[in-house]
Structure formats: C-alpha cells, structure tokens
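I opened this notebook to record what I looked up, one topic at a time. The sequence and structure come first.

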Amino acid sequence: SYGVFRHTSNRKWFALIMNVKRTVLDKNGTPDQADIINVKIRPEQAEQLHHIPGIYPAYHMNHKLWISVVLDDSLPDETIMSLINASYNLTH
C-alpha cells in the first residue's frame with residue numbers, strides 16, 4: 001500500500017506515496033483515508049509550506065525536512081510535480 005521513489009545512482013529515496021488515516025494529518029479524529037506523498041524540503045521552507053492547505057508536517061518523518069502532500073486535488077499537479085522535483089534534487 002505504498003510506493004518508494006529512489007535514485008538509481010545512490011538508492012536514496014526522494015518520495016514516498018502511501019495511504020494513511022486522515023486523522024494522522026489533521027489530528028481531528030476523522031476516520032477517512034487519504035493518499036499522500038512525502039517529499040523532502042529545505043528546512044527554511046517548512047513553516048511556510050505547513051500553512052498551505054493540503055500540505056502537512058510529514059507523517060512518520062522529520063517535520064523540518066519532509067512534508068506530506070495530500071493527493072486529493074487540494075494542490076495543482078504543477079505544484080506537486082515541483083515539490084517532487086525539488087525533493088529529487090535535494091536527495092541527489
């Protein structure tokens with residue numbers, strides 16, 4: 001129920017797609033499931049990104065270096081792809 005995206009050269013991963021209970025993101029007890037992708041960010045971006053609807057401190061990861069992005073059309077595809085590209089470059 002998850003997928004890991006890794007660099008072929010160094011085997012470091014730069015994205016993780018998974019399905020989690022929405023409550024682990026919202027902390028509000030909602031029993032719904034959500035598809036998310038965890039991506040790496042620059043530490044100085046964390047606070048700003050955490051204020052964007054659909055972006056949360058990373059589930060099960062360091063909250064200063066990773067974010068969880070809900071894959072429910074909260075964000076445009078271009079934004080998600082940009083975050084994935086940035087994560088790819090940060091982990092290269």
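**Entry 1: Salt bridges around Arg22**

I started with charged pairs and found that the side chains of Arg22 and Asp72 form a salt bridge, 3.5 Å from N to O. I noted where the partners sit. Arg22 is in the loop between β2 and α1 (23-26), while Asp72 is in the loop between β5 and α3. The two are 50 residues apart, so I logged the pair as a link between distant parts of the chain. I also wrote down that the model is predicted.

Next I asked how many salt bridges the whole structure holds. The search finds two. The other one joins the side chains of Asp26 and Arg22, at 3.0 Å from N to O. Arg22, Asp26 and Asp72 are thus joined into one network by salt bridges that share partners.

I then checked accessibility for the three. Is Arg22 buried or exposed? Arg22 has a relative accessible area of 19%, and the cut-off for buried is under 20%, so Arg22 counts as buried. Asp26 is partly exposed at 27%. Asp72 is partly exposed too, at 36%.

I listed the contacts of Arg22 as well, leaving aside neighbours within four places in sequence. Arg22 touches Thr30, Asp32, Gln33, Ala34, Tyr56, Val70 and Asp72. Asp72 in that list is the salt-bridge partner from the loop between β5 and α3.

**Entry 2: The sheet**

I traced the strands next. Five of them make an open sheet, in the order β1-β2-β3-β5-β4, with antiparallel pairing. Which strands stand at the edges? They are β1 (2-6) and β4 (55-57). Each has a single partner strand, so one side of each is left without a neighbour in the sheet. From one strand to the next, the twist averages 25°.

I looked at one pairing in detail. The antiparallel strands β2 and β3 are joined by seven bridges. Lys21 has Gln33 in β3 as its bridge partner. I then looked for what packs on the sheet and found α3, which touches β2, β3, β4 and β5. The direction of α3 makes about 40° with that of β3.

**Entry 3: Val4 in an edge strand**

I picked Val4, which lies in strand β1. Val4 has 37% relative accessibility and counts as partly exposed. Beyond its neighbours within four places in sequence, Val4 is in contact with Trp13, Ala15 and Leu16. I also took one long-range distance. The C-alpha atoms of Val4 and Asn85 are 15 Å apart, with their positions 81 residues apart along the chain.

**Entry 4: The nonpolar cores**

I turned to the interior. In soluble globular proteins, nonpolar side chains tend to be buried together. Here the largest nonpolar core has 14 residues. Which of them touch the most other members? They are Ile37, Val39, Ile55, Ile67, Val69, Leu83 and Ile84.

I sorted this core by element. β2 (13-21), β3 (33-40), α2 (46-50), β5 (66-70) and α3 (77-91) each supply at least two residues. α3 gives the most, with three.

I followed Ile55 further. Not counting residues up to four places away in sequence, Ile55 touches Leu49, His50, Ile67, Ser68, Val69, Leu75 and Leu83. I then found a second, separate core of eight residues, which includes Met18, Val20, Ala34 and Ile36.

**Entry 5: Aromatic pairs**

I finished with the rings. How many aromatic pairs are there? The count comes to three. Phe14 and Tyr88 make one that is edge-to-face, with 5.0 Å from centre to centre and 85° between the planes. Phe14 is in strand β2 and Tyr88 in helix α3, 74 residues apart, and the pair links distant parts of the chain.

Their accessibilities fall in separate classes. Phe14 is buried, at 10% relative accessible area. Tyr88 is partly exposed, at 33%. Last, I noted that ring pairs link Phe5, Phe14 and Tyr88 into a cluster.

Notes:
Residues are numbered from 1 along each chain as its sequence is written. This is a predicted model: local features need pLDDT of at least 70, side-chain atom pairs count only at pLDDT 80 or more; totals for chains, interfaces and linings use all residues. Side-chain values use heavy atoms; hydrogens and water are left out. A nonpolar core is a set of buried Ala, Val, Leu, Ile, Met, Phe, Trp, Tyr and Cys residues joined through side-chain atoms within 4.5 Å. Buried means under 20% relative accessible area, exposed over 50%, partly exposed in between (1.4 Å probe, protein chains only). Helices (H or I, at least four residues) and strands (E, at least two) are DSSP runs, numbered from the N terminus. Contact means heavy atoms within 4.5 Å. Rings of Phe, Tyr and Trp (its six-membered ring) pair if their centres lie within 6.5 Å; planes under 30 degrees apart count as stacked, over 60 as edge-to-face and the rest as tilted. A salt bridge is a side-chain nitrogen of Lys or Arg within 4 Å of a carboxyl oxygen of Asp or Glu. Two strands pair if DSSP finds at least two bridges between them. Axes are lines fitted to C-alpha atoms, for helices over the stretch in contact, and angles run from 0 to 180 degrees between N-to-C directions.
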